[in-house]
Amino acid sequence: MAQSDESVLNYDKLTYAGNLNNLTSLRNDERHLFVQGDICDGEKLAALFAEHQPRAILHFAAESHVDRSIHGPAAFVTTNVNGTFTLLEAARAYWNTLDADKKAAFRFLHVSTDEVYGTLSAEDPPFTETTAYAPNSPYSASKAASDHLVRAYHHTYGMPVLTTNCSNNYGAYHFPEKLIPLIITNARAGKDLPVYGDGQQVRDWLYVTDHCAAIRRVLESGRVGETYNVGGWNEQTNLSVVHTICDLLDELQAKPTGSYRDQIKHITDRPGHDRRYAIDARKIERELGWKPAETFETGLRKTVEWYLANDAWVAQVQSGDYMKWVDLQYSNKEQA
Ligand code: TYD
């Protein structure tokens, strides 16, 4: 909202990871409207599109946590596959009501993941936009299915769609089920820092505001029907990420004795755990002039500082439902 004068309608189901407190800074901004709803509710979507006449739809809505998709894949198929289909159908019906100019200017931007490409070995080149899809988890399979539907709506109906496939995001307001916020919040609470298996799995970390800038660039200037990989040029092993967080906490909020590294515990690996993700983000740089502004050092420091300054937010999201998840996922896990 800080980047433009356009109004934004924010549509969100507010499931366990959604939180209206994340929108506090927009509370008095007349350009922002929040509506609670489900992307599986086609009637509600149709009514909102008719009333608000959007020039673009940015589709971020998804179940996104791999470990949850292992315990309960149904919600991933419902939201990511059926939900994307319902949203596409509502968008297509609305798009067909527009005059020729507005029809050509309309955009449906689908935000997806690098996980659709499967896993890399240490020697493989990073994923490009032409890497074959090979999803390995129920989560990535559901996102792959949604990507295919979006692609089909361009090829079959001519809808002006764009798809972005990003690497692992991190930054402020990140729900503490994902690695980086989980490690920060567990470290501060004096709990174990759970590292799956040997911790040598590699992810390519992308600071969230860099991701937002990339999405804006693709929306403004991306070629319709194309996909763009968005990554941080920043491959790290999980163990190295955990070490860096511990070292930052040792510096910013030292414990009376010892290091936060003492809390690290290697536990049973995730089933089907993808070994390495890495994004080749040269297409978006070449065509649209985007590249990340943050390094991992600057981005991670900002992230740790944000969590240190926002205890109330952390306490609020660690509600009963969160504790149930932590119990399901981490209690009775073998030491690896
Ligand atoms: P995650 O944040 O769940 O993202 P993704 O699985 O989509 O990449 O996990 C990032 C990496 O960290 C992944 O390799 C799994 C690992 N991990 C742990 O080692 N311990 C944890 O408690 C979690 C949540 C993740």
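**Exercise 1. Tyr94**

Task: Work out whether Tyr94 is buried or exposed in this predicted model, and find what it touches.

Solution:
- Start with the cut-off: a residue counts as buried when its relative accessible area is under 20%.
- Tyr94 comes in at 6% relative accessibility, so it is buried.
- Now place it: Tyr94 sits in helix 3.
- Skip the residues up to four places away in sequence, and Tyr94 touches Phe49, Gln53, Pro54 and Phe106.
- Gln53 deserves a second look, since its backbone oxygen lies 3.3 Å from a polar atom of the Tyr94 side chain.
- For a sense of distance, try Ala104: it is 10 residues from Tyr94 along the chain, and the two C-alpha atoms are 13 Å apart.

**Exercise 2. Helix 5**

Task: Compare the span of helix 5 with the expected span, then list what its buried residues pack against.

Solution:
- Helix 5 covers residues 138–157, which makes 20 residues.
- From first C-alpha to last, helix 5 reaches 28 Å, close to the 28 Å expected at 1.5 Å a residue.
- Next, pick out the buried residues of helix 5: Tyr139, Ser140, Ser142, Lys143, Ala144, Ser146, Asp147, Val150 and Tyr153.
- While you look at that list, keep in mind that an α-helix has 3.6 residues a turn, so residues three or four places apart point the same way.
- The packing partners of these buried residues are helix 2 (66–71), helix 3 (74–95), strand 4 (107–113) and strand 5 (161–166).
- Finish just past the end of helix 5, where Gly158 takes a positive phi of about 75°.

**Exercise 3. Ser142 and Thr113**

Task: For Ser142 and Thr113, say where each one sits and which residues each one contacts.

Solution:
- Ser142 belongs to helix 5. With a relative accessible area of 3%, Ser142 is buried.
- Leave out neighbours within four places in sequence, and Ser142 is in contact with Phe76, Val77, Asn80 and Val81.
- Check those numbers against helix 3 (74–95), one of the elements that the buried residues of helix 5 pack against.
- Thr113 is in strand 4, and at 5% relative accessible area Thr113 is buried.
- With neighbours within four places set aside again, Thr113 contacts Tyr139, Lys143, Thr164, Asn165 and Cys166.
- Two of those names should ring a bell: Tyr139 and Lys143 are among the buried residues of helix 5.
- One polar contact remains, as the Thr113 side chain reaches the backbone nitrogen of Glu115 at 2.9 Å.

**Exercise 4. The ligand and its shell**

Task: Describe the residues around the ligand, and find polar atoms that come within reach of it.

Solution:
- The ligand is surrounded by 18 residues, and the closest are Glu115, Arg203, Arg270, His273 and Tyr330.
- Sort the shell by class and you get eight nonpolar, five polar and five charged residues.
- Sort it by element instead: helix 6 (179–188) and strand 7 (193–196) each supply at least two residues. Strand 7 gives the largest share, three residues.
- Now go atom by atom. A polar backbone atom of Leu179 is 2.9 Å from an oxygen atom of the ligand.
- A nitrogen atom of the ligand lies 2.8 Å from a backbone N or O atom of Pro194.
- Arg203 uses its side chain, with a polar atom 2.7 Å from an oxygen atom of the ligand.
- Last step, the cover: on its own the ligand has 510 Å² of accessible area, and the protein covers 98% of that.

Methods. Residues are numbered from 1 along each chain as its sequence is written. This is a predicted model: local features need pLDDT of at least 70, side-chain atom pairs count only at pLDDT 80 or more; totals for chains, interfaces and linings use all residues. Side-chain values use heavy atoms; hydrogens and water are left out. Helices (H or I, at least four residues) and strands (E, at least two) are DSSP runs, numbered from the N terminus. The expected span of a helix is 1.5 Å times one less than its number of residues. Buried means under 20% relative accessible area, exposed over 50%, partly exposed in between (1.4 Å probe, protein chains only). Contact means heavy atoms within 4.5 Å. A residue is near a molecule or strand if one of its heavy atoms lies within 4 Å of it. A polar contact is a pair of N or O atoms within 3.5 Å; within protein, one must be able to donate a hydrogen and the other to accept it, and residues adjacent in sequence count only if both atoms are side-chain atoms. Accessible areas come from the Shrake-Rupley method with a 1.4 Å probe; for residues, only the protein chains shown count as cover. Ala, Val, Leu, Ile, Met, Phe, Trp, Tyr, Cys and Pro count as nonpolar, Asp, Glu, Lys and Arg as charged, and the others, Gly among them, as polar.
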